[in-house]
Amino acid sequence: MEMLGALLPLLLMFAIFYFLLIRPQQKRQKKVKEMHESLQKGDKVITIGGLHGKIDAIDDDRIVVDAGSDNKLTFDRSAVREVVNPD
């Protein structure tokens with residue numbers, strides 16, 4: 001019985017950490033992964049470096065971003081921070 005009293009606060013702390021830190025992080029990672037998988041040619045994107053452009057070509061793990069003035073840059077899919085298409 002005494003051991004249960006000692007373990008209960010630890011279990012409670014773990015549950016709090018799980019619901020406040022671990023679970024929300026997993027949800028964010030899942031959302032970002034889905035966004036990277038759904039990228040399409042023509043999407044307007046912002047990279048993690050702050051470059052704004054339009055996807056000109058897309059591959060399994062790379063994208064070519066048209067940054068205007070005939071400038072085309074190649075990035076990994078994971079370099080896309082967000083898609084800013086007007087919905």
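**Warm-up: strands and a helix in a predicted model**

In S4, the residue standing opposite Asp-66 is Lys-72. Keep in mind that this is a predicted model.

**Exercise 1.** Work out what links S3 to S4, and what sits in the turn.

*Solution.* Start with the pairing: S3 and S4 run antiparallel and are joined by five bridges. Next, look between them: five residues separate the two strands of this hairpin. Finally, check the turn, where Gly-68 has a positive phi of about 90°.

**Exercise 2.** Find which side chains of strand S3 (residues 62-66) are buried.

*Solution.* Start with the general pattern: side chains in a regular strand alternate between the sheet's two faces. Now apply that here: Ile-63 and Val-65 share one face and are buried, while Arg-62, Val-64 and Asp-66 point to the other face and are not buried. One of the buried pair, Val-65, is also the bridge partner of Ile-55.

**Exercise 3.** Put the five strands in order and explain why S4 and S5 each have a side without a neighbour.

*Solution.* Reading across the open sheet gives S4-S3-S2-S1-S5, with antiparallel pairing. Strands S4 (72-76) and S5 (80-83) are at the edges with a single partner each, so one side of each has no neighbour in the sheet. From one strand to the next, the twist averages 45°. At the S5 end, three bridges connect S5 to S1 (residues 44-47), and Ile-46 faces Glu-82.

**Exercise 4.** Decide whether Phe-14 is buried or exposed.

*Solution.* First locate Phe-14: it belongs to helix H1 (residues 2-37). Its relative accessibility is 53%, and the cut-off for exposed is over 50%, so Phe-14 counts as exposed. Phe-14 is also part of a nonpolar surface patch, with Leu-10 and Phe-17 among the other members.

How values were computed: Residues are numbered from 1 along each chain as its sequence is written. This is a predicted model: local features need pLDDT of at least 70, side-chain atom pairs count only at pLDDT 80 or more; totals for chains, interfaces and linings use all residues. Side-chain values use heavy atoms; hydrogens and water are left out. Two strands pair if DSSP finds at least two bridges between them. Helices (H or I, at least four residues) and strands (E, at least two) are DSSP runs, numbered from the N terminus. Axes are lines fitted to C-alpha atoms, for helices over the stretch in contact, and angles run from 0 to 180 degrees between N-to-C directions. Patches are made of residues with over 30% relative accessible area and no salt bridge: like charges are joined within 9 Å, nonpolar side chains (Val, Leu, Ile, Met, Phe, Trp, Tyr) within 5 Å. Accessible areas come from the Shrake-Rupley method with a 1.4 Å probe; for residues, only the protein chains shown count as cover. A salt bridge is a side-chain nitrogen of Lys or Arg within 4 Å of a carboxyl oxygen of Asp or Glu. Buried means under 20% relative accessible area, exposed over 50%, partly exposed in between (1.4 Å probe, protein chains only).
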